[in-house]
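Student: I should like to request a close look at one part of this structure, starting from its backbone. Please then continue, in one connected account, to the parts around it and to the whole.

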Amino acid sequence: MASIAVIGGTGHLGKGIARRLAKAGHEVTIGSRAAEKGEAIAAEMGLGTKGASNDDAAQGKDVVIVTVPYENQEATLKQIKDKVGSAIVVDTTVPLVPPKVMRVQLPAAGSAAAEAREHLGPDIRFVTAFHNVAAHILDTDAKVDCDVLVFSDDIEARNTVVGLVNDMELRGLSGGALVNSAAAEAITSLLIYMNKTYKADGAGIRFTGLTTAPAIP
């Protein structure tokens with residue numbers, strides 16, 4: 001079992017990821033800007049989860065999952081980059097720009113993933129995932145009818161995160177290189193549009209016709 005920090009873990013996405021990983025038996029710490037808030041959410045959740053400040057949560061972990069809004073991405077990643085050591089850092093950020101969140105608005109760098117890579121530097125093991133999951137559904141016991149695409153140039157790290165997604169009773173799929181993260185980031189705006197247009201409550205994406213899992217080195 002892995003030791004995992006969920007940074008900014010007090011919102012729906014962070015809590016959903018933390019709770020599902022804890023239920024799978026992983027050691028989970030919920031990070032927040034205020035340690036007291038992380039501790040309160042952890043106590044409310046139970047399942048052996050712990051709470052801490054983002055700085056403290058990020059240290060000494062196998063995996064650090066960042067679940068903050070786009071406007072907080074840069075500051076959060078720069079805050080923890082010297083804390084994470086050899087951990088795999090998983091960024092969930094989607095570059096939504098209110099008020100036009102139903103329109104794809106990727107940043108000049110090409111994706112939030114590309115910006116995050118710059119913020120963290122080249123030496124940190126970096127993965128992106130969870131772009132297209134309805135957070136409010138993830139933060140329940142309901143079945144999540146959505147595949148989770150995982151992107152990284154580090155194949156071993158990517159496969160590790162696919163395994164964690166599967167532990168959460170979701171279907172994790174390798175999405176390939178980090179540059180491909182732009183596709184999943186863009187799909188989020190499309191899903192918001194579909195939810196509104198078709199009165200859906202958490203539309204997701206599924207890949208059909210997949211028969212063989214990729215080999216894990």
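**A close look, beginning with one loop**

Tutor: Leucine 47 is found in the loop that runs between α2 (35-45) and β3 (50-53). The model in which we view this residue is a predicted one. Although leucine 47 is not a glycine, its phi is positive, at about 65°. Its relative accessible area is 46%, so leucine 47 is described as partly exposed.

Lysine 199 may be considered alongside it. This residue belongs to the segment after α8, and it too has a positive phi, of about 55°, without being a glycine. The relative accessibility of lysine 199 is 72%; a residue is called exposed over 50%, and therefore lysine 199 counts as exposed.

A further backbone feature involves two prolines. Proline 98 and proline 99 are joined by a cis peptide bond, with omega at about 5°. Proline 99 has its place in the loop between β5 (88-91) and α5 (112-120).

We turn next to helix α7 and its two ends. The helix covers residues 155-167, and for these 13 residues a rise of 1.5 Å a residue gives an expected span of 18 Å; the C-alpha atoms at its ends are 18 Å apart, which agrees. The expected span is 1.5 Å times one less than the number of residues, because the rise is counted in that way. At the N-terminal end, aspartate 154 acts as a cap for α7, with a side-chain oxygen 3.2 Å from the backbone nitrogen of glutamate 156. After the helix comes glutamate 169, whose phi is positive, near 65°.

Several residues of α7 are buried: Ala157, Arg158, Asn159, Val161, Val162, Leu164 and Val165. When reading such a list, it helps to recall that an α-helix has 3.6 residues a turn, so residues three or four places apart point the same way.

From the chain itself we pass to the space around it. Rolling a probe the size of a water molecule over the atoms shows where empty space is left. The largest pocket has a volume of about 920 Å³. Its lining consists of 38 residues, and the closest to its centre are Leu13, Thr67, Val68, Pro69 and Tyr70. Two or more lining residues come from each of α1 (12-23), β2 (27-32), α4 (70-80), α6 (135-138) and α8 (181-197). Of the elements, α4 contributes the most, with six residues. Sorted by class, the pocket lining contains 15 nonpolar, 20 polar and three charged residues.

There is also one cavity of 30 Å³ or more. The largest cavity encloses about 30 Å³ of space. Its lining is made up of Val94, Pro95, Leu96, Val104, Gln105, Leu106, Glu185, Ala186 and Ser189. By class, this cavity lining has six nonpolar residues, two polar and one charged.

Finally, these parts may be placed within the whole. The protein has eight helices and eight strands. Its radius of gyration is 16 Å, close to the 17 Å that the globule rule gives for 217 residues, so the protein is as compact as a globular protein of that length. Along the principal axes, its C-alpha atoms fill a box of roughly 40 × 40 × 35 Å. Of the 217 residues, 50% count as buried. The loop residue with which we began, leucine 47, is partly exposed.

Technical notes. Residues numbered from 1 in each chain as written. Predicted model: local features only at pLDDT ≥ 70, side-chain atom pairs only at ≥ 80, totals over all residues. Heavy atoms only, no water. Helix = DSSP H or I, 4+ residues; strand = E, 2+ residues; numbered from the N terminus. Buried < 20%, exposed > 50% of the residue type's maximum accessible area, 1.4 Å probe, protein only. Polar contact = N/O pair within 3.5 Å; in protein donor to acceptor, adjacent residues only side chain to side chain. 1 Å grid on protein atoms, 1.4 Å probe; cavity = no way out; pocket = protein on both sides within 12 Å on 5 of 7 lines; lining within 4 Å. Points joined across faces, edges and corners; volume = space filled by probe spheres on them. Nonpolar A, V, L, I, M, F, W, Y, C, P; charged D, E, K, R; others polar. Rg over C-alpha atoms; globule rule 2.2 N^0.38 Å.
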